[in-house]
Amino acid sequence: MKIAILRERADGERRVAATPETVKKFIGLGADVAIEAGAGETAGYADAAYADAGATVGDHGATLAAADIVLGVQGPDPASLGGAAPGAWLVASLNPVGERARVDGYAAAGVEALAMEWMPRITRAQSMDILSSQSNLSGYKAVLDAAAEYGRAFPMMMTAAGTVAAARVFVMGVGVAGLQAIATARRLGAQVSATDVRSATKEQIQSLGAKPIFVENVAGIEGEGAGGYAGEMSPEYQAAQAELVSAHIAKQDIVITTALIPGRPAPRLVSDAQVASMRAGSVIVDLAVEQGGNVEGAVAGEVALRHGVKIVGHRNVPSRLAADASALFSRNLYNFLSAFWDKDAGRPVLDAEIGDAIRLTKGGAVVNPRLVS
Ligand code: NAD
């Protein structure tokens with residue numbers, strides 16, 4: 001059983017799918033591990049550390065040759081997978097809808113592609129959940145990015161020269177990233193408020209010492225859809241939310257938006273008029289910018305200036321914390337493969353609940369119901 005780790009080739013991707021720690025653990029399970037030279041460099045993991053952990057460090061061809069499992073952060077070009085064992089698994093974040101043509105390519109290449117982002121949200125899979133591990137870091141980094149762009153301080157400071165007011169931070173979307181953003185902004189001394197469509201988040205916001213800003217008395221307030229994710233809200237709810245947000249946002253210095261709806265473009269939460277209502281020098285960070293954006297005027301990969309307000313739209317925020325993001329992502333992959341490790345077979349054997357959810361291709365065909373219906 002050979003596990004291969006390739007160097008990421010996507011633009012701006014600095015993460016790596018295995019660390020020396022997880023390499024050692026895979027070897028402990030009885031696997032051979034090969035890693036492409038330089039794969040961990042941008043995340044701060046040197047080739048020598050992988051070699052010390054027991055991996056073979058080589059070029060792309062040697063790493064891939066006869067590999068049974070290929071690990072990646074993002075999905076590689078299907079054409080680059082020649083040389084892997086027939087039926088080899090590709091385990092990565094594959095963006096199955098956005099990169100649909102690639103999925104066909106994996107089928108044609110005879111690879112069994114497993115999309116880690118489609119891991120079911122069940123208790124036993126929590127340690128395998130790449131969306132949670134990466135969102136957590138994104139929420140933290142969004143606050144630091146906001147602080148770096150903001151021309152003022154976050155905490156209240158009483159100095160001999162006068163008092164500096166605490167920054168007012170508003171977090172929109174209180175999932176994994178939003179909760180971490182609240183906690184981080186609080187640690188920096190900001191006055192924090194937050195909103196979500198799922199009423200269950202109200203208590204979580206309060207428990208972190210922030211103020212919940214919620215639409216009350218509108219049908220469909222529950223807001224919770226399948227798997228703990230948000231559903232799309234009614235027009236009445238959206239109108240009430242826009243009104244509430246308009247009044248609140250004009251008084252904020254920093255807005256962090258994280259709202260996503262699975263399988264749909266990100267909901268639009270902040271209009272251009274709402275941006276214009278903010279004080280010049282305020283900062284908005286749109287973590288959903290790559291899914292269509294929560295904020296009007298946000299541009300992926302740019303810090304846009306609208307009405308004197310900076311709208312931060314960094315792509316691939318977890319990659320901006322490449323060392324920790326790689327460490328958590330790598331552990332997610334290890335936790336997944338080791339949980340299904342069959343000692344007799346000397347390889348992982350998936351069960352139906354998880355296998356059917358994440359398997360995109362098998363035997364030369366696209367097999368996932370979410371892609372073939
Ligand atoms: P997400 O990334 O899909 O969305 C981010 C947040 O945006 C969510 O809280 C969502 O409710 C919110 N949102 C959507 N539309 C909105 C709107 N119009 N206005 C305001 N907010 C809006 O969510 P997530 O971070 O993946 O987490 C969703 C839930 O799933 C959380 O409760 C989390 O704890 C839970 N979860 C469970 C597991 C598990 O059981 N294995 C794993 C991870 C997360």
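The domain assignment of the protein divides the predicted model into domain 1, made of residues 2-128 + 321-367, and domain 2, covering residues 135-320. Taken over C-alpha atoms, the centres of domain 1 and domain 2 are separated by 33 Å. The contact between them involves nine residues of domain 1 and nine residues of domain 2. On the side of domain 1 that touches domain 2, five residues are charged, three are nonpolar and one is polar.

Helix 5 comprises 20 residues, 130-149. At 1.5 Å a residue, a helix of 20 residues should span 28 Å, and the end C-alpha atoms of helix 5 are 28 Å apart, so the expected and computed values agree. Of the 20 residues in helix 5, 15 are buried, and the helix is therefore largely enclosed by the rest of the structure.

The model also contains an open sheet of six strands, arranged in the order 3-2-1-4-5-6 with parallel pairing. The edges are occupied by strand 3 (56-58) and strand 6 (112-115); each has a single partner strand, so one side of each is left without a neighbour in the sheet. On average, neighbouring strands of this sheet are turned by 20° against each other, direction ignored. Within the order of the sheet, strand 1 is listed beside strand 4. Strand 1 (residues 2-5) pairs with strand 4 (residues 69-74) in the parallel sense, over three bridges. At the residue level, A4 has V70 of strand 4 as its bridge partner.

How values were computed:
Residues are numbered from 1 along each chain as its sequence is written. This is a predicted model: local features need pLDDT of at least 70, side-chain atom pairs count only at pLDDT 80 or more; totals for chains, interfaces and linings use all residues. Domain bounds come from an automatic or database domain assignment. Two residues are in contact if their C-beta atoms, placed from the backbone, lie within 7 Å. Ala, Val, Leu, Ile, Met, Phe, Trp, Tyr, Cys and Pro count as nonpolar, Asp, Glu, Lys and Arg as charged, and the others, Gly among them, as polar. Helices (H or I, at least four residues) and strands (E, at least two) are DSSP runs, numbered from the N terminus. The expected span of a helix is 1.5 Å times one less than its number of residues. A residue is buried if 20 or more other C-beta atoms lie within 10 Å of its own, exposed if 12 or fewer, and partly exposed in between; C-beta atoms are placed from the backbone. Two strands pair if DSSP finds at least two bridges between them. Axes are lines fitted to C-alpha atoms, for helices over the stretch in contact, and angles run from 0 to 180 degrees between N-to-C directions.
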